[in-house]
Every structure is written in C-alpha cells, then in structure tokens.
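Trainee: I would like to learn how to read a model like this one, feature by feature. Could you walk me through it?

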Amino acid sequence: MTSLGVPRVHFRRVDSTNARARGLAEAGAPHGTVVTADEQSAGRGRQGRTWSAPPGQALLFSVVLRDPPRLLPLAAGIAVAEEAGTEARIKWPNDVLLDVRKIAGILVEGRPRERWAVLGIGLNVAVKVDELPPELRDRAGSLERGQAEIEPTLNRLLTRIERWLVAPPRALLEAVRARDDLRGRAIRWQAGHGEAAGIDDDGRLVVLTKAGQVVLEAGEVHLG
Ligand code: BTN
C-alpha cells in the first residue's frame, strides 16, 4: 500500500496532468495527490517540448510531492526503470530506455521555496510503436503490455516511487549508476562535447572533455 495516489483525479482528456497537478499543489493539495489522464491535448515535455501519446495506450500521470528529496529526478527514473525490468537503462537524467528506445519521459516541475514539486511521468505501457507517427517510431519504445495493465502499472509504480523517495541517497545513486546508459560513451550537449564518466554524488553528470572534467547540473545530452 502506498500513500501516493490519494486523492486521485482522473480525466478522460485533459490539457496536461502536470498543469492540473501544479494548480492543485498551488491550491494546497496534499502530498501524494495524483492526476491521471487517458489522453492529453497539451502534454508537456522537457526543454519546452510537447509530449504526445496515443489515447488510452500510455500511463500519463502527475503526483504532487511535498518536501521532495534533492535527487527526485533520479528517484523517479529508477522507479520507472525497475518497473520496466532488469534490461531497462537510464539516460541521464531520467529518460528510461528499453532496447535503445525511450519508453518513458519524466518532467519534474517545482517550487523549491514553497517546498513542493510535481512529478509527471508518461510511460508507454500499451503503446503500439508501429502505429506511432514516423518521427516517433524510430526512437520510442513501449512495454507492450495490454491496456488493462495501465492501472496496475500505475499502482506498482507509485509504490516504487514512494520507496525511492525515502531511500538513502547512496542506495539510489548505486541503483542509477548500475543502469547508466551514457557512461563511457561520446556525448554532446548545448555547450560542448566529451565522454560521459558517470554520475556524481549530487546526481550530476560527469563528463571528460579535452579541457578537463566538467559536471552538468541539468539539461539534455545527446549521443555522438
Ligand atoms: C520528457 O520530455 O521526456 C518528459 C515528458 C513528460 C511527459 C509527462 S506525461 C504526464 C505528465 N504531464 C505532462 O504534461 N507531462 C508529463
């Protein structure tokens, strides 16, 4: 049993579960409040991108967290990766990959000063990849479970998230490092390129560049 998921608001169609959860958080909703949807018309992704998923085939939800831990983005990533199985890998900070394909996106939006965050997750539970638009088909993956598995997957995932929220940072970092998809690979980001050299104790990505070692706090990296 998990304390996450109560209260729960479900929409058949909504603009963005993150937007709704933020509104609820601002209005004083308790820790653990969850917003789910079968479909989003304006799903939000990282870096200002949109997030889309075929109606009824993905798990789309956001949870309000009071006093979230510092390593929340990593905790969410490992919870999803565990749900996806032993083969799932994490592309820092928290893209979850299965067979080199992204099966989940995680968006943390918060008000650190007000000590809350909204954790939004889109997990392709029952998405049929070959029915996706061509621009997604090459990169997106899916757990390829049935649609009836979406709700049980949510329940298990909430339990996993709750566990990792209170886990010792050392255990969390160890679990994330064990699934680090970038380590030893050539990467590039907006301001440079180098070789990924692991995740430090603050959850940052360490990169070896010609000029020396740099650490990336947040943002996005690409392979190659
Ligand atoms: C990413 O760009 O990788 C993060 C995508 C996060 C998408 C999820 S779907 C549920 C929740 N509601 C949103 O509007 N975004 C997140």
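Mentor: Gladly. Let us start with exposure: at 66% relative accessibility, Asp-99 counts as exposed, because the cut-off for that word is over 50%. Keep in mind that this is a predicted model.

Trainee: Where is Asp-99 found?

Mentor: Asp-99 sits in the loop between E5 and strand E6 (101–111). Its backbone is worth a look too: Asp-99 has a positive phi of about 50° although it is not a glycine.

Trainee: Which other residue has a positive phi although it is not a glycine?

Mentor: Try Glu-144, where phi is positive at about 55°, and this residue is not a glycine either. You will find Glu-144 in the loop between helix H3 (134–137) and helix H4 (150–165). Glu-144 is exposed, because its relative accessible area is 61%.

Trainee: While we are on the backbone, which peptide bond before Pro-7 is cis?

Mentor: For this feature you read omega. The bond from Val-6 to Pro-7 is cis, with omega near -5°, and Pro-7 belongs to the segment before E1. Another cis peptide bond joins Trp-92 and Pro-93, where omega is about 0°. Pro-93 is in the loop between E4 and E5.

Trainee: Now the sheet. What is the order of its strands?

Mentor: When you read a sheet, list the strands in the order in which they lie side by side, then ask how neighbours run. Here seven strands make an open sheet in the order E1-E2-E3-E7-E6-E5-E4, and the pairing is mixed. The edges are strand E1 (8–14) and strand E4 (89–91), each of which pairs on one side only. From one strand to the next, the twist averages 20°.

Trainee: How many bridges join E3 to strand E7?

Mentor: Eight bridges join E3 to strand E7 (residues 116–123), and the two run antiparallel. To see the register, pick a pair: Leu-65 stands opposite Ala-117 in E7. On the other pairing, strand E2 (residues 34–40) and E3 are antiparallel over four bridges, with Thr-36 opposite Phe-61 in E3.

Trainee: Is E3 mostly covered or mostly open?

Mentor: Mostly covered: seven of the eight residues in E3 are buried. Take Val-63, which lies in strand E3 (residues 59–66). Val-63 counts as buried because its relative accessibility is 0%, and the cut-off is under 20%.

Trainee: Which residues does Val-63 touch?

Mentor: Leaving out residues up to four places away in sequence, Val-63 touches Leu-4, Gly-32, Thr-33, Val-34, Ala-117, Val-118 and Leu-119. Notice that Ala-117 also appeared as the residue opposite Leu-65. For a sense of scale, Val-63 and Val-215 are 152 residues apart in sequence and 29 Å apart in space, C-alpha to C-alpha.

Trainee: What about the edge strand E4? How many bridges join E4 to strand E5?

Mentor: Three bridges join E4 to strand E5 (residues 95–98), and the strands run antiparallel. One residue to inspect is Lys-91, which lies in strand E4 and has Asp-95 in E5 as its bridge partner.

Trainee: Is Lys-91 buried or exposed?

Mentor: Lys-91 counts as buried, because its relative accessibility is 13%. Its contacts, apart from residues up to four places away in sequence, are Leu-97, Asp-181, Leu-182 and Val-221.

Trainee: Last, the ligand. How many residues surround it, and which are the closest?

Mentor: Begin with the neighbours, then go on to individual atom pairs. The ligand is surrounded by 20 residues, of which the closest are Ser-16, Thr-17, Arg-44, Arg-46 and Lys-102. Among the atom pairs, an N or O atom in the side chain of Lys-102 is 2.6 Å from an oxygen atom of the ligand. A polar side-chain atom of Thr-17 lies 2.9 Å from a ligand nitrogen atom, and a backbone N or O atom of Asn-18 lies 3.4 Å from a nitrogen atom of the ligand.

Trainee: How much of the accessible area of the ligand does the protein cover?

Mentor: On its own, the ligand has 420 Å² of accessible area, and the protein covers 99% of that.

Definitions and conventions: Residues are numbered from 1 along each chain as its sequence is written. This is a predicted model: local features need pLDDT of at least 70, side-chain atom pairs count only at pLDDT 80 or more; totals for chains, interfaces and linings use all residues. Side-chain values use heavy atoms; hydrogens and water are left out. Buried means under 20% relative accessible area, exposed over 50%, partly exposed in between (1.4 Å probe, protein chains only). Contact means heavy atoms within 4.5 Å. Two strands pair if DSSP finds at least two bridges between them. Axes are lines fitted to C-alpha atoms, for helices over the stretch in contact, and angles run from 0 to 180 degrees between N-to-C directions. A residue is near a molecule or strand if one of its heavy atoms lies within 4 Å of it. A polar contact is a pair of N or O atoms within 3.5 Å; within protein, one must be able to donate a hydrogen and the other to accept it, and residues adjacent in sequence count only if both atoms are side-chain atoms. Accessible areas come from the Shrake-Rupley method with a 1.4 Å probe; for residues, only the protein chains shown count as cover.
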